Amino acid sequence: MTLLERQIQTAQRILWWNRWQNCLAWSLTVAALAFALCVLIQRLFDLPVPLLIVAAVFGSAAVIASVVWATIRRIDKAAAAAILDRNAGLRERISSGLYCLSNPDPFARAVVTDAERVGASVTVKQHVRLELPRPLAFTVGSMVLAALMFLITPGLLKSDKALEAAEQSAELQQTHIAVKREIEQVRKLAEANPALADLTPELASVDSNFGTKLQRPESVRHEAAKRIDRLEDTVKQKRSSDKYKAVPEMQRMLRGLKTPESADAPTEKLSKALAKGDFKEAKEEIAKLQEQLATLKADEDQDLVEKMSKQLDDLAKQLEQLASDDKLAQRLEQAGVGKEDVDRMLDRLSKADVEQLKKQLEEKGLSQNQIESLTKQLQQRQQARAMAQKMAQGMKQAAQGAQSGQMGQAAAGLQSAGEQLGELEQLELEMNLLDAAMADLKNARGNIDNPCSKCAGGSKPGGSCSSCGRSSGRGGMGGMGQGRGGLAPEEQTNVGFKTERGKVHGGRGATIGEFLIDGEQVKGEASASLGEAITA
């Protein structure tokens, strides 16, 4: 490539760049005006238009259009040489040299030589300079106009029906968020509750495909309330089973126990724990008696063995006496139930017995409330009586073993009574967990039924609603502001209580029982450590 051709090519590039800038400015002007029109329509009618994507599309289209436009209208070599001659005042010497470049005539070669000599002394960038695009002012003005369109109030020309639909859509979305969070909270609380481990299908159905086809906020809340109600009914049904009803009946029965008058009686603490209905403490006292029996010798500690044997036998007799409910048996006999049937029902009550009893009581003219009350008392008493009799048998076995000097038999009897107390302790724990679960479900049901009027329960985590303050993650008296110290004012208010499971984390403790997913519950007890076993 000759020097003359390089000079002309440099001028051609500069001129193309200037032309492309002009094309780009005009393209951006048109794109900005079109975007301003889109923004105007979107703001006036509050349409769901993604303006950021629209701006990106218009901008990309403007750049592509300017490149194509500038390429189509590109400047050829002859025009670039003529412009260079005109700007440098060379009187067409560069363009003449370009014309004669391929001519072998001596005169033409002389013209080319003269053009190259003159072109060598000319700096192209000094005569063909980069220029600002002429329509730049129009481009800036159109962009400012597009930005001013955002100042228009959204929905200025929107109809009332469209506004109502938009508000309903926003409310529906907010309701979905609030209800979904409540459902998720219920699921997490239920999964963390070991007493609900056998309700996995019910828990999975609470939030499966929730609210995807519901288009009204009240329908979403109604569906969520129904699902929580179904789960609460399932928990209530489990809570109302006979094995749990027997626990408070057993505690009521044990309140009639008499504690030994002597302060140094071996079974004093055990009797007091049973009278209070504290199964955990009673189980611990049973374990202490077992350790004490392991260290006693029938010959050397005869007095203590006899005292313990007598007190265990007395405790067993009291349990047997408490297990026999003469008042309930008398009421059933007065209602027409035979004594043999009463004894059999107190020992073992089947569904057929319950139906037969209801039929007999109905024939005797008892009201439905009286029939249900007697039946309920009999079911609870039967369960509690079986537990008390099993505990009494263990105490009696321990007393007989200690009296005869057979410490192994005595320890086995106490072991049996301890197992019964462990079962009662576990049932009481499950009852408390089920009560806490029902309280959580009732609380979630209330949040869904009575949402905050301002945030509809949809305030974001980390933020706070000025009305209800939910999901704020803050504490203290009142809203945000500058603290000034002082004490909170005192005011007499109504008092209410609720059952709630504390969110605590503790280390591994003594095992009361184990919950298995695919099997029956395994009953167990805390085993003594190696050091305690060696000491015993």
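1. I41 is partly exposed in this predicted model, its relative accessible area being 38%. The residue belongs to helix α1, which spans residues 3–45, and it takes part in a nonpolar surface patch together with L37, F45, L47, V49, L156 and L157. Taken together, the members of that patch have about 600 Å² of accessible area. Because a relative accessible area of 38% lies between the 20% and 50% limits, I41 is classed as neither buried nor exposed.

2. Helix α1 also holds W17 and W20, which are 3 residues apart, or about one turn of the helix. The structure holds 3 aromatic pairs, and W17 with W20 makes one that is tilted, with 5.1 Å from centre to centre and 45° between the planes. The two partners fall into separate accessibility classes: W17 counts as partly exposed at 37% relative accessibility, whereas W20 counts as buried at 16%. The reason W20 is called buried is that its 16% falls under the 20% limit.

3. A further aromatic pair is formed by F35 and F150, again tilted, with 6.3 Å between the centres and 45° between the planes. Here the pair links distant parts of the chain, since F35 sits in helix α1 while F150 is placed in the loop between α7 (136–148) and α8, with their positions 115 residues apart. F35 counts as buried at 12% relative accessibility, and F150, at 36%, counts as partly exposed.

4. Turning to the interior, the largest nonpolar core has 59 residues, and M250, L274, M391 and M395 are those with the most contacts inside it. Each of the helices α8 (160–191), α10 (217–239), α11 (242–254), α12 (268–276), α13 (279–295), α14 (302–323), α18 (368–403) and α19 (407–449) supplies at least two residues of this core. The greatest contribution comes from α19, which gives 15 residues. Apart from this core lies another one, made up of 18 residues that include L15, A80, V124 and V128.

5. Which residues does L274 touch, leaving aside those up to four places away in sequence? Its contacts on that basis are L254, L257, A282, L315, M391 and L421. M391, one of these partners, is also listed with L274 among the residues that have the most contacts inside the largest nonpolar core.

6. S271 is placed in helix α12 and counts as buried, with a relative accessibility of 2%. When residues up to four places away in sequence are left out, S271 touches L257, T259, P260 and L315. Of these, L257 and L315 are also touched by L274.

7. Is L427 buried or exposed? At 7% relative accessibility this residue, which lies in helix α19, counts as buried. L427 and A246 are 181 residues apart in sequence, yet their C-alpha atoms are 9.2 Å apart in space. Apart from residues up to four places away in sequence, L427 touches K243, Y244, V247 and M387.

8. The loop between α3 (77–88) and α4 (93–99) deserves a separate look at its backbone angles. R91, placed in this loop, has a phi near 55°, a positive value in a residue other than glycine, and E92, found in the loop as well, has a positive phi of about 60° although it is not a glycine. Both residues are exposed, R91 with a relative accessible area of 79% and E92 with 53%.

9. For the chain as a whole, there are 20 helices and 2 strands, and buried residues make up 37% of the 536 residues. Among the contacts with a separation of 6 or more, 71% are accounted for by residues 24 or more positions apart. The chain exposes about 32700 Å², and carbon and sulfur atoms supply 53% of that area.

Key: Residues numbered from 1 in each chain as written. Predicted model: local features only at pLDDT ≥ 70, side-chain atom pairs only at ≥ 80, totals over all residues. Heavy atoms only, no water. Core = buried A, V, L, I, M, F, W, Y, C linked by side-chain atoms within 4.5 Å. Buried < 20%, exposed > 50% of the residue type's maximum accessible area, 1.4 Å probe, protein only. Helix = DSSP H or I, 4+ residues; strand = E, 2+ residues; numbered from the N terminus. Contact = heavy atoms within 4.5 Å. Patch = residues over 30% accessible without salt bridge, like charges linked within 9 Å, V, L, I, M, F, W, Y side chains within 5 Å. Areas by Shrake-Rupley, 256 points an atom, 1.4 Å probe, with all protein chains shown as cover. Salt bridge = Lys/Arg side-chain N within 4 Å of Asp/Glu carboxyl O. Phe/Tyr/Trp six-rings, centres within 6.5 Å; stacked < 30°, edge-to-face > 60°.
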